[in-house]
Amino acid sequence: MSLLTDLINLNLSDCTEKIIAEYIWVGGSGMDIRSKARTLSGPVSDPSQLPRWNYDGSSTGQAPGQDSEVILYPQAIYRDPFRRGNDILVMCDCYTPQGEPIPTNKRHNAAKIFSNPAVAAEETWFGIEQEYTLLRKDVKWPLGWPIGGFPGPQGPYYCSAGADKAFGRDIVDAHYKACLYAGIDISGINGEVMPGQWEFQVGPCVGISAGDQLWVARYILERITEIAGVVLSFDPKPIQGDWNGAGAHTNYSTKSMRSNGGYEVIKEAIQKLGLRHKEHIAAYGEGNERRLTGRHETADINTFVWGVANRGASIRVGRDTEKSGKGYFEDRRPASNMDPYVVTSMIAETTILWNSA
């Protein structure tokens, strides 16, 4: 076993200029993360230097068997925390051989929105709070819970310490450091209200990079839980009953919101989001109706309400923002399994480009 570890940890830069690039993409379900590796002749610093690559889309639910080739377009590069050295992780999106984005490529449309001059001028900042649940592999039951049973009621677990309250911290801390190594703008972690549930935050990130970084952070977490023999769940309500669900609260601001008088811009943006509430909910993740019940720090899925410091609202504005008259707001509606390309670009489109008249 030590020999295997030694081989995994070989430093390739001691003997070759060649590097390994792990190409990552989103699979056919919209939540499955796929990847494969290839050898490159030397270090790469920009995605434009990377070759496009094909894969079998019929095996990922993204193409028919008789025309199965899908092309990966490299879009963003991060350091590889698993192989280290000069090796890299490459976030890609997916196209037909004719150059058309395939239906599950949500990045393409998001990039168009973020490259709109009106959106680019506003320098949109996003901070995404990704909640997730760790499950035992064989029984698919939360880590730290008695098998087939339940722990004590919620209350002691949020931001807790102790073997009877915090379950899976080694995975969480490994992920935190791996993301920092990779170059992800991960800004923090914490234990969540339900035992076995955790959160990491990515941001602030500008525009399309928020989606790229969250997907790569998810990929890194999938790899770490794979090593640990634990199942990673992004289900928005993994356990029914009196237990918190899992969301992906999305914090957002524009240049105008961060400037003097920005609070009025924030209120106008929230009004627009309210007018398109149903459209946003439809795009904010599968199974979200099980989470957005009006209980457990959520607003009812059919109701749009905003408030200052109100964690039972659809949109929460912080006290600091209200006091300073500028800042950001938090969209609390997205589910933990949302696509960050869809959510971030839709928020930008609604608040900047959409005309309610």
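Strand 6 (125–136), strand 8 (197–206) and strand 10 (248–253) each supply at least two residues to the lining of the largest pocket. Strand 6 gives the most to this lining, with six residues. The model under discussion is a predicted one, and the account below moves from its open pockets to its first strands, its enclosed cavities and its aromatic rings.

The largest pocket has a volume of about 580 Å³. Its lining is made up of 32 residues, and those closest to the centre of the pocket are Glu 129, Glu 199, His 249, Asn 251 and Glu 330. Sorted by class, the lining of the largest pocket holds eight nonpolar, 13 polar and eleven charged residues.

The second largest pocket has a volume of about 380 Å³. Here 17 residues form the lining, and Ser 29, Gly 30, Glu 286, Asn 337 and Asp 339 are the closest to the centre. The classes in the lining of the second largest pocket are eight nonpolar, six polar and three charged residues.

Gly 30 leads the reader to the beginning of the strand order. Strand 1 and strand 2 form a hairpin with six residues between them, and Gly 30, which sits in the turn, has a positive phi of about 90°. The two partners, strand 1 and strand 2 (residues 33–40), pair in the antiparallel sense over eight bridges. Within this pairing, Ala 21 stands opposite Arg 38 in strand 2. Strand 1 (residues 19–26) is mostly covered, with seven of its eight residues buried.

Strand 1 has a further partner in strand 5 (residues 88–95); the two run parallel and are joined by four bridges. In this pairing, Tyr 23 stands opposite Val 90 in strand 5.

Strand 5 also borders enclosed space. The structure holds three cavities of 30 Å³ or more. In the largest cavity lies about 80 Å³ of space. Strand 5 makes the largest contribution to the lining of this cavity, four residues. The lining of the largest cavity comprises Val 26, Met 91, Cys 92, Asp 93, Cys 94, Thr 104, Asn 105, Lys 106, Arg 107, Asp 339 and Tyr 341. One of these residues, Asp 339, is also among the residues closest to the centre of the second largest pocket. By class, five residues in the lining of the largest cavity are nonpolar, two are polar and four are charged.

The second largest cavity contains about 50 Å³ of space. Among the residues that line the second largest cavity are Tyr 157, Phe 167, Met 194, Pro 195 and Trp 198. The full lining of this cavity divides into six nonpolar, four polar and two charged residues.

The aromatic rings form the last part of this account. The structure holds twelve aromatic pairs. The rings of Tyr 23 and Trp 53 have their planes at 85° and their centres 5.1 Å apart, so this pair is edge-to-face. Tyr 23 belongs to strand 1 and Trp 53 to strand 3 (residues 53–56); with their positions 30 residues apart in the numbering, the pair links distant parts of the chain. Both Tyr 23 and Trp 53 are buried.

A second edge-to-face pair is formed by Tyr 252 and Phe 329, so classed because the ring planes stand at 75°, with the centres 5.5 Å apart. This pair also links distant parts of the chain, since Tyr 252 lies in strand 10 and Phe 329 in strand 13 (residues 329–331), 77 residues apart. Tyr 252 counts as buried because its relative accessibility is 1%, and Phe 329 counts as buried because its relative accessibility is 0%; the cut-off for a buried residue is under 20%. Ring pairs link Tyr 252 and Phe 329 with Phe 114 and Phe 126 into a cluster.

Trp 53 has charged neighbours as well. Lys 36 lies over the face of Trp 53, at 4.1 Å from the ring centre. Arg 38 likewise lies over the face of Trp 53, at 4.8 Å from the ring centre. Arg 38 is the residue of strand 2 that stands opposite Ala 21, and Tyr 23, the ring partner of Trp 53, stands opposite Val 90 in strand 5.

Definitions and conventions. Residues numbered from 1 in each chain as written. Predicted model: local features only at pLDDT ≥ 70, side-chain atom pairs only at ≥ 80, totals over all residues. Heavy atoms only, no water. 1 Å grid on protein atoms, 1.4 Å probe; cavity = no way out; pocket = protein on both sides within 12 Å on 5 of 7 lines; lining within 4 Å. Points joined across faces, edges and corners; volume = space filled by probe spheres on them. Nonpolar A, V, L, I, M, F, W, Y, C, P; charged D, E, K, R; others polar. Buried < 20%, exposed > 50% of the residue type's maximum accessible area, 1.4 Å probe, protein only. Pairing = 2+ DSSP bridges. Phe/Tyr/Trp six-rings, centres within 6.5 Å; stacked < 30°, edge-to-face > 60°. Lys NZ or Arg CZ within 6 Å of the ring centre and 35° of its normal.
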